Amino acid sequence: MKNDDNYDCEKRSMDNVNRISLVEQVTDVIRNYIDAEDVQVGDKMPSEAALCRLCNVSRTTVRESLRLLQAMGYVSLVPNKGAFVADKNRSSLPALNTWLMNHGSEASDVYEVRMILETRAAGLAAERATAEEKYMLMGIHAMFVEEARKENLAGIVLYDEKFHECIMKASHNSFIVEINKLISDTLRSFRRQSFAEETSAQLAVDMHGKLAGAIMNGDAVQAKNLMRQHLETNVHLIEQFRKKRE
């Protein structure tokens with residue numbers, strides 16, 4: 001039988017995962033749609049009804065997400081006509097997105113930075129994560145597994161980002177958290193392309209599970225080693241994608 005305190009903590013954490021917030025989750029899904037290569041500035045977005053079906057949420061949630069994206073500069077909302085793509089590069093480092101896509105070989109340089117930051121963060125998370133943060137990580141991993149099972153690319157990309165973001169936050173190092181935000185945003189296109197590889201999502205499912213387990217068990221050495229292996233695999237997948245484009 002579970003300890004009551006642990007059970008309450010796990011329940012609160014799962015509630016938080018389910019809220020992460022819902023609007024934020026839908027916003028990320030729509031941003032992933034906008035980031036797709038075949039979507040251009042000026043294109044009409046899918047209808048609210050279609051976005052509701054895509055995200056399995058209410059019309060109210062979709063409208064809030066669209067208003068948030070409008071405030072961020074990604075979409076424009078035209079009365080009686082719908083939403084249109086306004087900008088595809090509204091990140092805090094817009095030029096970096098273009099640079100990464102045009103210099104695939106140099107993307108390994110960015111992953112070297114991630115290797116330093118995220119490997120260290122994984123070790124710190126194993127040492128510092130609270131019980132609630134650990135259960136949050138397991139909850140996000142469960143959602144990632146489900147999206148991989150459904151082969152839902154947008155969901156896979158979303159929960160991969162959130163899994164790594166959760167580890168960064170659990171490191172309790174504010175500098176690592178801020179740097180990760182910048183890198184995660186610029187690498188969204190690479191995430192989408194790497195997960196388009198047939199086996200990549202299942203590889204991530206396996207590695208995420210081991211990583212979450214090491215952090216749950218407080219094993220800093222194992223967490224660091226697993227994160228290093230995980231990122232090395234990602235570099236290999238990006239290189240494969242680059243070769244296919246040549």
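**Exercise 1.** Is E48 buried, partly exposed or exposed?

*Solution.* Keep in mind that we're working with a predicted model here. Start with the cut-offs: buried means under 20% relative accessible area, and exposed means over 50%. E48 has a relative accessible area of 24%, so it ends up as partly exposed.

**Exercise 2.** Find the salt-bridge partner of E48 in helix α4, and work out which parts of the chain the pair ties together.

*Solution.* Step one: look at the side chain of R63, which meets that of E48 in a salt bridge, 2.9 Å from N to O. Step two: place both ends. E48 belongs to helix α3 (residues 48-55) and R63 to helix α4 (residues 59-72), so the bridge ties together parts that are 15 residues apart in sequence. Step three: check the cover on R63. Its relative accessible area is 39%, so R63 is partly exposed. Step four: see who else joins in. R59 is linked with E48 and R63 in a network of salt bridges.

**Exercise 3.** Take the pairs E118–R114 and E146–R149, and set out their spacing and their exposure.

*Solution.* Begin with the contacts. E118 and R114 meet through their side chains in a salt bridge of 2.5 Å, N to O. For E146 and R149, the salt bridge also comes out at 2.5 Å, N to O.

Now the spacing. E118 and R114 sit four residues apart in helix α6, so about one helical turn separates them. E146 and R149 are three residues apart in helix α7 (residues 131-150), and here too the separation is about one helical turn.

Last, the exposure. E118 and R114 are both buried. E146 is partly exposed, at 32% relative accessibility, while R149 is exposed with a relative accessible area of 59%.

To put these pairs in context, a search of the whole structure turns up eight salt bridges.

**Exercise 4.** Which residues gather in the patch of positive charge on the surface, and which helices each supply at least two of them?

*Solution.* First, name the members: R120, R128, K224 and R228. Next, map them onto helices. α6 (107-128) and α12 (220-245) each give at least two residues to the patch; R228, for one, has its place in α12. Finally, test R228 against the patch rule, which asks for over 30% relative accessible area and no salt bridge. R228 has 32% relative accessibility, so it counts as partly exposed.

Notes
Residues numbered from 1 in each chain as written. Predicted model: local features only at pLDDT ≥ 70, side-chain atom pairs only at ≥ 80, totals over all residues. Heavy atoms only, no water. Patch = residues over 30% accessible without salt bridge, like charges linked within 9 Å, V, L, I, M, F, W, Y side chains within 5 Å. Areas by Shrake-Rupley, 256 points an atom, 1.4 Å probe, with all protein chains shown as cover. Salt bridge = Lys/Arg side-chain N within 4 Å of Asp/Glu carboxyl O. Lys, Arg positive; Asp, Glu negative; His and termini not counted. Charge placed at Lys NZ, Arg CZ, Asp CG, Glu CD. Buried < 20%, exposed > 50% of the residue type's maximum accessible area, 1.4 Å probe, protein only.
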